[in-house]
Amino acid sequence: MAALRVPTVFVVGTGKHSGATEAEVRTMRAAVQLAVERNELVSVFATSPANHVRILAKDAGTVAAAIEAVAAAVRSRA
């Protein structure tokens, strides 16, 4: 059975996080960028003014659009 290669998209938060230092937040965002650079199936769908803990609550429409985009990409390759 062939491995399924599914695209992965991130919605990246730009807000501060009260539970993490600025250095830790920079590290998380840098990890996303590194993943994008190293894997053609990984991308940033959008950025959100919320922090990474509150993105779903504050920007649910963007998260839903990202999910729909991945689903459409998978369907188009089928």
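**Figure 1. N51, a buried residue in a loop of the predicted model.** In this predicted model, N51 is buried, with a relative accessible area of 16%. N51 counts as buried because this value falls under the 20% limit for buried residues. The residue belongs to the loop between β2 (42-48) and α2 (55-58). A polar atom of the N51 side chain lies 2.9 Å from the backbone nitrogen of V53. When residues up to four places away in sequence are not counted, N51 touches G15, K16 and H17.

**Figure 2. S48 in strand β2 and its polar contact with D59.** S48 is found in strand β2. Its relative accessibility is 2%, so S48 counts as buried, the limit being under 20%. The side chain of S48 is joined to the side chain of D59 by a polar contact of 3.0 Å. Neighbours within four places in sequence are left aside in the following list: S48 is in contact with V11, V12, G13, T14, G15, I55 and D59. D59 therefore appears both as a contact of S48 and as its partner in the polar contact, where a pair of N or O atoms must lie within 3.5 Å.

**Figure 3. The largest pocket and its lining.** The largest pocket holds about 190 Å³ of space. Two elements, β1 (8-13) and α1 (22-38), give two or more residues to the lining of this pocket. The lining is made up of 14 residues, and those nearest the centre of the pocket are V12, G13, M28, R29 and H52. By residue type, the lining divides into 7 nonpolar, 5 polar and 2 charged residues. V12 and G13, which are among the lining residues nearest the centre, are also among the contacts of S48.

**Figure 4. R5, before the first strand.** R5 is located in the segment before β1. With a relative accessibility of 46%, R5 counts as partly exposed, because the value lies between the limits of 20% and 50%. Leaving aside neighbours within four places in sequence, R5 is in contact with E40, L41 and R77. R5 and V74 are 69 residues apart in sequence, and their C-alpha atoms are 8.8 Å apart in space.

**Figure 5. R38, an exposed residue of helix α1.** R38 has its place in helix α1. Its relative accessible area is 68%, which means that R38 is exposed, the limit being over 50%. R38 and R26 are 12 residues apart in sequence and 18 Å apart in space, from C-alpha to C-alpha.

**Figure 6. The whole chain, as a setting for the close-up views.** The chain contains 3 helices and 2 strands. Read from the N terminus on, its elements follow the order β-α-β-α-α. The C-alpha trace spans about 45 × 25 × 20 Å along its principal axes. Of the 78 residues in the chain, 26% count as buried; N51 and S48 are buried residues. The accessible surface of the chain comes to about 5600 Å², and 59% of this surface belongs to carbon and sulfur atoms. Among contacts between residues at least 6 apart in sequence, 71% join residues at least 24 apart.

Note on methods:
Residues numbered from 1 in each chain as written. Predicted model: local features only at pLDDT ≥ 70, side-chain atom pairs only at ≥ 80, totals over all residues. Heavy atoms only, no water. 1 Å grid on protein atoms, 1.4 Å probe; cavity = no way out; pocket = protein on both sides within 12 Å on 5 of 7 lines; lining within 4 Å. Points joined across faces, edges and corners; volume = space filled by probe spheres on them. Helix = DSSP H or I, 4+ residues; strand = E, 2+ residues; numbered from the N terminus. Nonpolar A, V, L, I, M, F, W, Y, C, P; charged D, E, K, R; others polar. Buried < 20%, exposed > 50% of the residue type's maximum accessible area, 1.4 Å probe, protein only. Polar contact = N/O pair within 3.5 Å; in protein donor to acceptor, adjacent residues only side chain to side chain. Contact = heavy atoms within 4.5 Å. Areas by Shrake-Rupley, 256 points an atom, 1.4 Å probe, with all protein chains shown as cover.
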